[in-house]
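Biologist: Before I accept the labels put on a model, I want to hear the rule behind each one. Please take me through them.

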Amino acid sequence: MPDPPIALLAELTHRCPLRCTYCSNPIALVARESELPVPLWVKVIRDAAAMGVLQLHLSGGEPLLFEGLAVLVKEATDAGLYTNLITSGWGLTETRAKELAAAGLDHAQVSFQDIVREAARLVAGAEAMDAKLAAARAVKTADIALSVNVVMHAGNLERIGAMIDLAASLGAARVEVASTQYHGWALENRRSLLADEAALATAGEVARERRQRYAGSMDVIYVLPDYVTGRPKPCMDGWGRRFLTVAPDGKVLPCPGATCITSLMFDDVRERPLADIWTHGSAFEAFRGEAWMPAPCATCDQRSIDHGGCRCQAFALTGDPRRTDPTCSKAPDHGIVLRARREATEPKSSLPVYRELRSTSR
């Protein structure tokens, strides 16, 4: 019997004014007409609290486009959950921020693509810099805790120090300097996004310096991408161990990207209790624990630390979610990652593939 999850990621909608080339949403986006209505999200929140969930992360797409967001924040607050809004900042005015604060919102994470306006627009597919700056300031004015998220890639890595400085200037308590994860939309754009090892090493040095500079005033979180470390990340701290996601259409997922694994079937909150899905759902059981692990994972002394790496990445790169994550230097398929790293040293000439609604999820 698994322990209860710590956190629920509620992906309220896949609608978004931005079309980021590294978007973490699945390729098969959920259309608006398939989204869960507010009453069903209320039920999900109540069921999650009853299970022992402690945190509710409200995401998308852009969650500010979901009608009834403040209602869900208040429901979660009344249920004793810590609430976090993960947003591009689009539409987060002072009035909206104060409305969410009054409903009980504890924290907001605002994302930035770059500090250079044109570079940010190229990644996002839209002009959003002013909206993001205004949103971060609105969060602070409403007395909501602020974090800043920036996704680093070949196009902005040289500005990692300036990005961290921007977060500090906005009064963020934490900046998450995230490395692009190469599945979904980012995999389609990998040739233009993946930085070479020399640039990543330099960025790591800058991040360490900024971590020391801002110690005590702002947490600086930066982890080298698994494409260069030779060690897979402990994705979601293990499949079905601590986190669960509910997609906009009610599918319950062990991780936000899991719908890319076409060999799995996902239960729907309309049809089965959330707690039962967590405990017995076939998708959650598929890679929970260690019994599923192939060689060399099955005997590796890191298996209880990295939990076999990312199943979505394994599927994206090999077509088989049970394969060892190819980012691992011990993986039989590690050559796939080595080839990608060699490509990263070549000129960046590919045109961006922007996020768009292609079809609804299964």
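The exchange below takes the terms one by one.

Modeller: This is a predicted model, in which local features need pLDDT of at least 70 and side-chain atom pairs count only at pLDDT 80 or more, while totals for chains, interfaces and linings use all residues. Residues are numbered from 1 along each chain as its sequence is written, and side-chain values use heavy atoms, with hydrogens and water left out.

Biologist: Why does Arg342 count as exposed?

Modeller: Exposed means over 50% relative accessible area, buried under 20%, and partly exposed in between, with a 1.4 Å probe and protein chains only. Arg342 has 51% relative accessibility, so the residue counts as exposed. Arg342 sits in helix H15, residues 334-343; helices here are DSSP runs (H or I) of at least four residues, numbered from the N terminus.

Biologist: What makes H1 roughly parallel to H2?

Modeller: Helix H1 (residues 38-51) packs against helix H2 (residues 69-78) at an angle of about 20 degrees, and their axes are 10 Å apart. The axes are lines fitted to C-alpha atoms over the stretch in contact, and angles run from 0 to 180 degrees between N-to-C directions. Angles under 35 degrees count as roughly parallel, over 145 as roughly antiparallel, 65 to 115 as roughly perpendicular and the rest as oblique. H1 is therefore roughly parallel to H2.

Biologist: Which hand does the crossing of H1 and H2 have?

Modeller: The crossing is right-handed, a term for a near helix turned clockwise from the far one by less than a right angle; anticlockwise would be left-handed.

Biologist: What makes an empty space a cavity and not a pocket?

Modeller: On a 1 Å grid over the protein atoms alone, a cavity is a set of points where a 1.4 Å probe fits but cannot get out; a pocket is an open set with protein on both sides within 12 Å along at least five of seven lines. Five cavities of 30 Å³ or more are counted by this rule. The largest cavity has a volume of about 90 Å³, a volume being the space filled by probe spheres set on grid points joined across faces, edges and corners.

Biologist: Which residues are the closest to the centre of the largest cavity?

Modeller: They are Cys297, Cys300, Asp306, Thr324 and Cys328, out of 13 that line the largest cavity; lining residues have an atom within 4 Å of a point.

Biologist: How many residues of each class line the second largest cavity?

Modeller: Its lining has nine nonpolar, three polar and no charged residues. Ala, Val, Leu, Ile, Met, Phe, Trp, Tyr, Cys and Pro count as nonpolar, Asp, Glu, Lys and Arg as charged, and the others, Gly among them, as polar.

Methods: Helices (H or I, at least four residues) and strands (E, at least two) are DSSP runs, numbered from the N terminus.
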